Amino acid sequence: MKTVVSMQNIHKKYQGQQIETHALQGVSLEIQQGEFVAITGPSGCGKSTLLTIMGLLDGASEGQYRLAGIDTQHLKTDERTRIRNLHIGYVFQSFNLIDSLTVFENVALPLEHRGEKAAVIKEAVVEALDKVGMRHRMQYRPNQISGGQQQRVAIARALVGKPDLILVDEPTGNLDTKNGDAVMQLLLELNKQGSTIVMVTHDSRYSGLAHRQIQLLDGRVVAEKQVRQADREVA
Amino acid sequence: MSLYRGSLRRGLIRLFSEPRLSLPLMLTLGLTLAAVLTVLSIAQTLLFQPLPGVKQEQQLYQLDVRLQFNDEMNVSFLSDRRRFAHLQQRFAGLGDWAQVVNQDSQAEVEGQQYQVTLLNATSGATDVIGLPLLLGEGTSADNAKEGVWISASLWRAVFGERSNLQGETIRIGGRDWPVFGVLGDFTSMDIEGNSSLIREQVWRFAPLQESLLNNESLSLGTTQLNLLRAPGGQVPDNRQLEDWYLTYLDTQISEPRAREFILSKPHSVSVQSYRDFFVGDSGKLVSLLIVAMVSLLVMACLNLLNMFIAHYQGRSKEFSVQLCMGASTRRLRLLVFLENLPMFMLASVTGLLGAAWLIRVLPDLAGDSLPLLDKINLDSLSLLVAMLLVMLINLLFASVSLLHVQQQALTDNLNSSGKGTPAQQKQGLNRMLMVLQLTIACTLMTAAMTSVYKSYQDVYQYPGYEMVNAYEISLAYKDEAWQQSLYDFESYSGSELQQLRSALADRLRKLEPQAVVDVESLPLSQSLTMRAYPDPETGESRMYLPRQWGRGYLESFHIPLLAGADLTGPQNGSREVLVDLDYARQLEGVEYWQNLVGKEIKLGNDSDDIFRVAGIVGNTRPVLGGLLNSTPPVIYFADVNADANGSDQPRLQMVVLMPEGQTLTREQLVPILSDLDPRLGEIGLESMQQRWQTMTAESRLNMYVVLGMAVLTLALAAIGVSGLSQMNAAQKRYELAVRMATGARQNRLLVLLLKDATLMLSAGLGLGLFGSVLGYQYLTGLIDQAPAFNWPTSLLVNVILAVTMLLSVVLPGWRVIRADPMQVLREL
Ligand SMILES: Nc1ncnc2c1ncn2[C@@H]1O[C@H](COP(=O)(O)OP(=O)(O)OP(=O)(O)O)[C@@H](O)[C@H]1O
Ligand SMILES: [Mg+2]
């Protein structure tokens, strides 16, 4: 099995005007292809920070991070951008869809930036929207659909480029139970089809559905546990 | 691909959907671009367009030796053609020589009068210049002196371009001249002072060497063309010219006092290419204009940039998402570039249209202060420049607008909630741009206001006499010989001239005027004679402005008599004069000027140069509108002959003062004056008001144009600051709302906004003051006529700017505060 994420002794410091926050204090972890990993922990422990570093949205202050075998430490901005485009799909807590673009165009973004042909893009986008059940809202704008639907579009956008790794930050935080469950179901489905998923969540109901839970506290990994297959089936 | 196409499409839609962005962009960028393009076109024309009517201009040189009389006045030593001929003899081998002198004149053909420019030139001068001969003989013909050549425009106006001019004559200066030929219109001549070069021209030619037979005239004049066409490119250098000058003084001017007098004046020699001479100060003026216009463009850009940054800050999330989805910054920049392309294209179209219009109205605006006006046009180069400039600005905007969407800020942007604007957005850039803009505004406005102040003074400062309802009436002499004899014998009392004048005065009294003043001209004068004489005591040369006195002159124009008595009249033959305060002070010192009353002054070395000062009158300015900033002191002579404009008066002139509110027309004059004397012709009439209008027209126009520029600058700065302030207030809406919710009163909030702005304003204005002082110093170094820097103006500009800026901060801020900021809280 291939190792998708390999982190060694990752530190992250935020330099404020007066204060310095040491958000990650030596995190090491490995994530294999096809895994579904949940990251949990109390508010402010550094979950989102870890995810942004993993998604190359931000660099670590210290430590080594290899993504799909590529050492990311000395990459230039544009190279990081390219790798992100090719290997990572990111789902934000607050959706982050562009209001001036239609659902279709939002989802098409990663492929557009990859420079794919229009026909290829169309096929892939339709397929992704199909997966999340949003094909019928293709020509809508983000502000014309509900929060749950927006999250599903965001997921479609994350998976349209067939990335090695899908990063999900609190996918259910803004949603009610019903919508939250649906999104969770979708993620599990994707994982089953082979996507590697890392998800940040508070919700123990959802974290229990992962293969593995990584618990953070004050920027350190304090516990890691495998979830037994049986427990997952039950949920 | 489709992303790009989408951007372009959105950009097109945005033209209409976001007028808050597209309208200011189109207007400010378009208009300033128009100004820049116009000035660039002018510059391009001045520097590169071939001079019309001049062939192979790189071979043509202008030579001059000039004497400096005072700060305001320098005269040409070569004005006497004899000297030019002498110079030509010395350097004859270098090429062909020509001299041209212009003069405003009247021509008459079959009873019809035409305003013309009379060009007195050396034989063959037009061949030296390269002016085409359209019809008739060449201008170097042996009998050239016997006739005249006319310009194409005059040919059209008078003879309807008829090709047979055999036997046609033109009456000029009381003589009929046969027309020998037709030349192209000559427009490539820079005219100084009051006269003008019009296209209706009459040329007279005389062989250059002939003038060597004349005596040295001991006179000095103003500008003319002293041309040398040197095909070999070899011209006398400054030292050779200087050598010639000194030799000439030594060998040709035998009167030692005259030589001393001339030598006492600082002189300068110059040999320059004809284009340099022709373009002259306009070149500097244009480069200054370029600086001013580019500054305006920069200001406009800074404003727009601020707006753009604000706009794109509002959309930073969108771009962060794009970045996150794998768009490179280069690609984002391209997207923004494309998105803004339609707007910028529209702005450049506005700019081009504006420039085309400006160039069309330019002749009305600039009058004859700019050469080659009719050659200025928008060509493909300007088009290219406009496009390039706009694309460059667009590119710059695209880059700067995205500066805040950096990798570092990415997570912040993405993690912030969708509502409101992220608090961490940096305003540093906006502020810096603002300070820069204020600095430019301050510098530009100081320069502009200084110039406006000077124009204002030139035009509106009290000239020492009232603008009363007075008219200058004139009659043309039709008979040159008679005119000559009139002035030759004028000094005898009861002379024919005096009889003529009193007959004229009698006729004019039939109009029931308030007064008829027996002088040639109004105190506001179109042309002046200045005299210089060596002070008998110190030997130093003094200048004065001779003016004619007439009975009732002082009262009519409210010129105060400060000491002594008014003159009594020309009849008593006494050699009495009035002098003005300046003259009295020059002689007796600032305090004891009154002592000059009753003393004798010597205006030369002859016995008739001695006059007794009867009284001292207030200072007057005979010329308004900045044509001559300071004139020498005035001496009023009672006797026409004594020293006033006397002998070469081209017309018989007299001044009448009409009762208040009563206008005098030519129709009233014709029946009264037409049978005064058969040897008098066309009747002229000009009121003091009219003269004031024409004399000050250019200054007033200048004033308004520059004032307009200052106002534009102020408006740009105000727009910029208010935009920023509005943005600032809008961004602080949340904070303001929370403060209000917790009990802050509205004016407290205003103070909060002001506190923020004050720092920026003081920085901008402080730097601006500094910049304007420095900038102005540079400017005065560049242009001689630039008015002196004055602190009051500069401070005034700063106060105006400060007040405007504070208002621009307070008003939009107040609007946000008034518009229920609590709404923000409910929205969340
Ligand atoms: N941009 C930033 N600048 C400074 N400090 C930051 C920044 N972002 C996060 N932090 C700090 O880093 C720590 C970890 O933040 P992070 O957002 O990763 O927490 P989290 O685990 O995601 O919390 P939550 O569950 O509430 O989302 C916090 O103490 C936070 O204050
Ligand atoms: Mg978080």
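User: Which element gives the most to the shell around ligand 1?

Analyst: In this predicted model, α1(A) does, with 3 residues. Both β2 (20-32) and α1 (47-54) of chain A supply at least two residues of that shell.

User: What makes A:Ser43 a polar contact of ligand 1?

Analyst: The cut-off is a pair of N or O atoms within 3.5 Å. An oxygen atom of ligand 1 is 2.4 Å from an N or O atom in the A:Ser43 side chain. Therefore the pair counts as a polar contact. The backbone joins in too: a polar backbone atom of A:Gly46 is 2.9 Å from a ligand 1 oxygen, and one of A:Cys45 is 3.2 Å from a ligand 1 oxygen. Taken alone, ligand 1 exposes 630 Å², and the protein buries 64% of that.

User: How do the residues of the shell around ligand 1 divide, and where does ligand 1 lie?

Analyst: The shell holds 3 nonpolar, 7 polar and 2 charged residues. Ligand 1 lies between chains A and B.

User: Why is B:Arg83 called buried?

Analyst: Buried means under 20% relative accessible area. B:Arg83 has 0% relative accessibility, so B:Arg83 counts as buried. B:Arg83 is found in helix α3 (residues 81-90) of chain B. Its contacts beyond four places in sequence include B:Glu216, B:Trp244 and B:Tyr248.

User: What does the side chain of B:Arg83 reach?

Analyst: The backbone oxygen of B:Phe77, at 2.7 Å. The limit is 3.5 Å, so this distance falls within the polar-contact cut-off.

User: What is the chain like over residues 332-360 of chain B?

Analyst: An unreviewed UniProt entry lists 332-360 among the residues of a "transmembrane region". The model gives 100% helix and 0% strand there, with the end C-alpha atoms 41 Å apart.

How values were computed:
Residues numbered from 1 in each chain as written. Chains lettered and ligands numbered in written order. Predicted model: local features only at pLDDT ≥ 70, side-chain atom pairs only at ≥ 80, totals over all residues. Heavy atoms only, no water. UniProt positions renumbered as here; feature names shortened; annotations may be inferred. Helix = DSSP H or I, 4+ residues; strand = E, 2+ residues; numbered from the N terminus. Buried < 20%, exposed > 50% of the residue type's maximum accessible area, 1.4 Å probe, protein only. Polar contact = N/O pair within 3.5 Å; in protein donor to acceptor, adjacent residues only side chain to side chain. Contact = heavy atoms within 4.5 Å. Near = heavy atom within 4 Å. Areas by Shrake-Rupley, 256 points an atom, 1.4 Å probe, with all protein chains shown as cover. Nonpolar A, V, L, I, M, F, W, Y, C, P; charged D, E, K, R; others polar.
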